[in-house]
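Me: I would like to learn how to read a few features of a model, one at a time. Could we start with a single side chain and work outwards?

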Amino acid sequence: MTHTNRTPFFQNYTALPNSFYSKVIPEAMQNSSLLHHNKTLCDELGIELSEHEILEMTSGQNFPQGLEPIAQKYTGHQFGYYNPDLGDGRGVLLGQILDKDGQQWDLHLKGSGRTPYSRRGDGRAVLRSAVREYLIGEALHALGIPTTRCISLCRSSEPVMREQMETRATYIRVAKTHIRFGHFEWLAQQGDIEQQKQLANYVIKTVYPHLLTIPDESTRYAELLKTIMTNTASLIAGWQSVGFCHGVMNTDNMSVAGETFDFGPYAFLDDCKIHYICNHSDTEGRYAYSQQPNIGLWNCQVLGQAFANLVDSCAIESAINKYIETFNQQYLLRMGYKFGFTVPIEEDKHFIADTLILLDKSNLDFHHFFVLLKLFDSDNHSDFESYLPQSKAWNIWLENYRKRIAGQNHESKSNLYKLAVPQVILRNYIAQDIIDAVVQGDTNPLHNWMLWLLEPFGPDKTFKKSSHAHYLKPPTSCQKGLALSCSS
Ligand code: AMP
Ligand code: MG
């Protein structure tokens, strides 16, 4: 039985060759309850479903008309090595909707059981990692970083075996697309140019329709490649500026829409540790905070190679150069604004880098430093200065900073802080507190944080005065250093 159609859902991935996907019947989750329904997002997207319909869809029991669950085939480089055996192993693409602006959104059900690409996995998701993905979508979105988000989250009483027994969960994620760099890598390996073109055409039509006006095919594909790389560069500059560590930047976790995608053991920096590794399984630090911009470039080079049948080598080189140029520009702007530089200039790059090194050496909190920095030339400047250790290096820094901001308009500077310096950060220990509560059956913290995360730059007074005000402060030493692995 399907629901009546208030929201016009459809599934257009099945128009592509059937080797691109497998039809899948999701393993419905027994004894499910809906933990959260993201009504704000559903309203934005024009998804009109009752809570009961959302529960049935998220638990894989019943889908609205127009949706058709499929698992996508892709491959990718994991920790630097090509893996030909990837694909949706624990999730299905349900289909798409168009929002009121004509933007297409994919709906993807995660944790829905085994698919032909599950290999040895059980195809299931656990509550812990489901809650983490659920929260981070809202957090990054509100920080102005492109990301997938989720519309609903369910749990059940079914146990799932990981390092220990855990609770099964399913959730629905929305994204501009679920096409990954790895989709193109897979087709390049197959060597079927026609199919590569079909995928490129699909991405252009559904994600970058403005490119359809380019009449010449190879120019169109070259622009597609350049656009993907530009968006990826801008995304990673955004991550760096908010101290976000993705954790598993494998090419199968990179979206061609330039959205933050497929979260693993992500983390926001607490102490400004430049080489921080958030993923306990990443023993070499391949995806350390400091490595993310280079790995983004490495991933783009892999994508460039996968486009080699569609565009010439100059086009690949020019797209790569665009990545570097965009990253540098965006990083300078985003970081410069955090320092209150109304017009960041090239030389600020050195000042920014030196500051991060000094913060690292001094074990200072990445976010709190900038929150206090806005007091620098206010009556409360001593609150900022007393946060810094007494040292020659910091005295020199204060001197240099004073010189750099001399003559800047105070009001435009404070306006910048409001846009660039978040106060509410989904620190790992906070995410863990929320998970612990949800596991115990208390969804209040989840519901509260889903709202609080939407206002990171100016938490309202009730938040500041509430018993949760301590969440705005840097974590205590016990709250830092939570070790998270790839297990999800
Ligand atoms: P990830 O590390 O989440 O990006 O996953 C890498 C690959 O492993 C993807 O193809 C996933 O679909 C697959 N995978 C991860 N966990 C599971 C699981 N529990 N069951 C089946 N496949 C999984
Ligand atoms: Mg993945």
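Reply: We can start with Asp-88, in what is a predicted model. Asp-88 counts as buried because its relative accessibility is 3%, and the cut-off for buried is under 20%.

Me: Where does Asp-88 lie in the fold, and what does its side chain meet?

Reply: Asp-88 sits in the loop between strand S5 (81–83) and S6. A polar atom of the Asp-88 side chain is 2.8 Å from the backbone nitrogen of Gln-72. Leaving out residues up to four places away in sequence, Asp-88 touches several others, among them Ile-70, His-108, Tyr-117 and Arg-180.

Me: Is Gln-96 buried or exposed?

Reply: Gln-96 counts as buried, because its relative accessibility is 0%. Gln-96 belongs to strand S6 (residues 91–98). A polar atom of the Gln-96 side chain lies 2.8 Å from the backbone nitrogen of Asn-12. Apart from neighbours within four places in sequence, the contacts of Gln-96 include Pro-8, Phe-10, Leu-67, Trp-105 and Tyr-202.

Me: How should I read a metal site, and which residues are the protein donors of the magnesium ion (ligand 2)?

Reply: Begin with the donor atoms and their distances. Here the protein donors are Asn-253 (OD1) and Asp-262 (OD), at 2.1 to 2.2 Å from the magnesium ion. Both Asn-253 and Asp-262 are buried. As a reference for angles, six octahedral donors ideally give 90 or 180 degrees, and four tetrahedral ones 109.5 degrees.

Me: Now pockets. What is the volume of the largest pocket, and which residues are closest to its centre?

Reply: Take the volume, then the lining. The largest pocket has a volume of about 1,300 Å³. It is lined by 49 residues, of which Arg-90, Phe-263, Cys-486, Ser-487 and Ser-488 are the closest to its centre. Strand S7 (104–110), helix H3 (127–142) and strand S10 (165–175) each contribute at least two lining residues. H3 supplies the largest share, five residues. By class, the lining of the largest pocket has 14 nonpolar, 18 polar and 17 charged residues.

Me: And what lines the second largest pocket?

Reply: This pocket holds about 320 Å³ of space. Among its 13 lining residues, the closest to the centre are Gln-240, Ser-290, Pro-293, Tyr-331 and Leu-356. Helix H7 (292–306), helix H8 (313–338) and helix H9 (348–361) each supply at least two residues of the lining. H9 gives the most, with five residues. The lining of the second largest pocket divides into eight nonpolar, four polar and one charged residues.

Technical notes
Residues numbered from 1 in each chain as written. Chains lettered and ligands numbered in written order. Predicted model: local features only at pLDDT ≥ 70, side-chain atom pairs only at ≥ 80, totals over all residues. Heavy atoms only, no water. Helix = DSSP H or I, 4+ residues; strand = E, 2+ residues; numbered from the N terminus. Buried < 20%, exposed > 50% of the residue type's maximum accessible area, 1.4 Å probe, protein only. Polar contact = N/O pair within 3.5 Å; in protein donor to acceptor, adjacent residues only side chain to side chain. Contact = heavy atoms within 4.5 Å. Donors = N, O, S within 2.8 Å, 3.2 Å for Na, K, Ca; no water. 1 Å grid on protein atoms, 1.4 Å probe; cavity = no way out; pocket = protein on both sides within 12 Å on 5 of 7 lines; lining within 4 Å. Points joined across faces, edges and corners; volume = space filled by probe spheres on them. Nonpolar A, V, L, I, M, F, W, Y, C, P; charged D, E, K, R; others polar.
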